[in-house]
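Hi,

Here is the structure I said I would pass on. Have a look at it first, and my notes follow below.

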Amino acid sequence: MATGTLIFLIIGGSGVALLLLALLGTELAHLGNPDIDGPISLEAIAGFAGVLGFGGAIASELLNARSFNQLVVAGGIGAMAAVPAGWLASRLSRAARNMHTDATPTRNDLVGSLGVVVTPIPNGGYGEVRVRVSGQPVKLNAKSERPIAIGAQIFVVEALSETSVLVETY
């Protein structure tokens with residue numbers, strides 16, 4: 001393996017390392033105020049560097065590049081592949097950051113839910129119920145005005161806190 005190929009592989013490996021940092025949420029490319037996005041995202045830099053390095057290494061080996069001019073040609077081939085890769089990485093990361101998601105469920109979303117008792121609710125005490133909130137099963141502490149046996153169908157009347165509810169049989 002030629003020295004030029006090794007240098008290109010190091011550049012490509014650096015791009016992969018930058019991509020890992022970007023995926024972990026570091027803000028290395030944001031100089032100054034971290035709330036302001038720069039003109040080029042860290043993901044775009046990582047995608048460009050990775051493809052430049054690995055594309056240049058492939059071109060270097062295919063061209064059997066040993067002279068400076070051949071390495072420049074290999075680097076140019078890597079850069080031609082890296083520009084669209086950096087643009088694509090930028091677009092994909094922007095789309096992931098700006099993706100529309102549903103609102104986070106709150107305790108108000110618990111009211112009106114149907115469920116089942118999984119731990120009996122004693123008189124004046126707490127048991128446990130399982131209800132579905134936004135399609136997900138959630139187990140909550142439950143209180144009732146009268147005892148309710150295990151397996152009974154319940155209706156959530158009030159959310160006492162984020163993790164406890166007042167229920168009635170359904």
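Residues 40-59 come out as 90% helix and 0% strand, with 26 Å between the end C-alpha atoms. Keep in mind that this is a predicted model. The span 71-89 also has its end C-alpha atoms 26 Å apart, and there the chain is 100% helix and 0% strand. I picked these stretches since the UniProt record, an unreviewed entry, annotates "transmembrane region" at residues 6-28, 40-59 and 71-89.

On to the helices themselves. Helix α2 takes in residues 42-63, 22 residues in total. From first to last C-alpha α2 reaches 31 Å, close to the 32 Å expected at 1.5 Å a residue. Right after α2 comes N64, with a positive phi near 55 degrees.

Helix α1 (residues 3-23) passes the length check too: its 21 residues should span 30 Å at 1.5 Å a residue, and its end C-alpha atoms are 30 Å apart, so the two agree. Which residues of α1 are buried? They are G4, T5, F8, G12, G15 and A22. These cover an arc of only 105 degrees around the axis, which means they sit on the same side of α1. What do they pack against? The buried residues of α1 pack against α2 and α3, the latter being residues 68-97. On the face turned away from that buried side, α1 carries the exposed residues T3, I10 and L20.

Then there is the strand part. Five strands form a closed barrel in the order β1-β2-β3-β5-β4, and the pairing is mixed. On average, neighbouring strands of this sheet are turned by 55 degrees against each other, ignoring direction. As a reminder, strands of a sheet pair through backbone hydrogen bonds, in either a parallel or an antiparallel way.

I looked at two of the pairings around β4:

- β1 (residues 114-119) and β4 (residues 153-159) are antiparallel, with 3 bridges. Going by residue, L114 has F155 in β4 as its bridge partner, and G115 stands opposite I154 in β4.
- β4 and β5 (residues 164-169) also run antiparallel, joined by 5 bridges. One of the bridge pairs is A159 with V165 in β5. The connection from β4 to β5 is a hairpin through 4 residues.

If you want somewhere to start in the viewer, try the buried side of α1 where it packs against α2 and α3, then go to the closed barrel of 5 strands.

Cheers

Terms used. Residues are numbered from 1 along each chain as its sequence is written. This is a predicted model: local features need pLDDT of at least 70, side-chain atom pairs count only at pLDDT 80 or more; totals for chains, interfaces and linings use all residues. Side-chain values use heavy atoms; hydrogens and water are left out. UniProt positions are given in the numbering used here, feature names are shortened, and annotations may be inferred rather than shown by experiment. Two strands pair if DSSP finds at least two bridges between them. Axes are lines fitted to C-alpha atoms, for helices over the stretch in contact, and angles run from 0 to 180 degrees between N-to-C directions. The expected span of a helix is 1.5 Å times one less than its number of residues. Buried means under 20% relative accessible area, exposed over 50%, partly exposed in between (1.4 Å probe, protein chains only). The arc is that of the directions from the helix axis to the C-beta atoms. Contact means heavy atoms within 4.5 Å.
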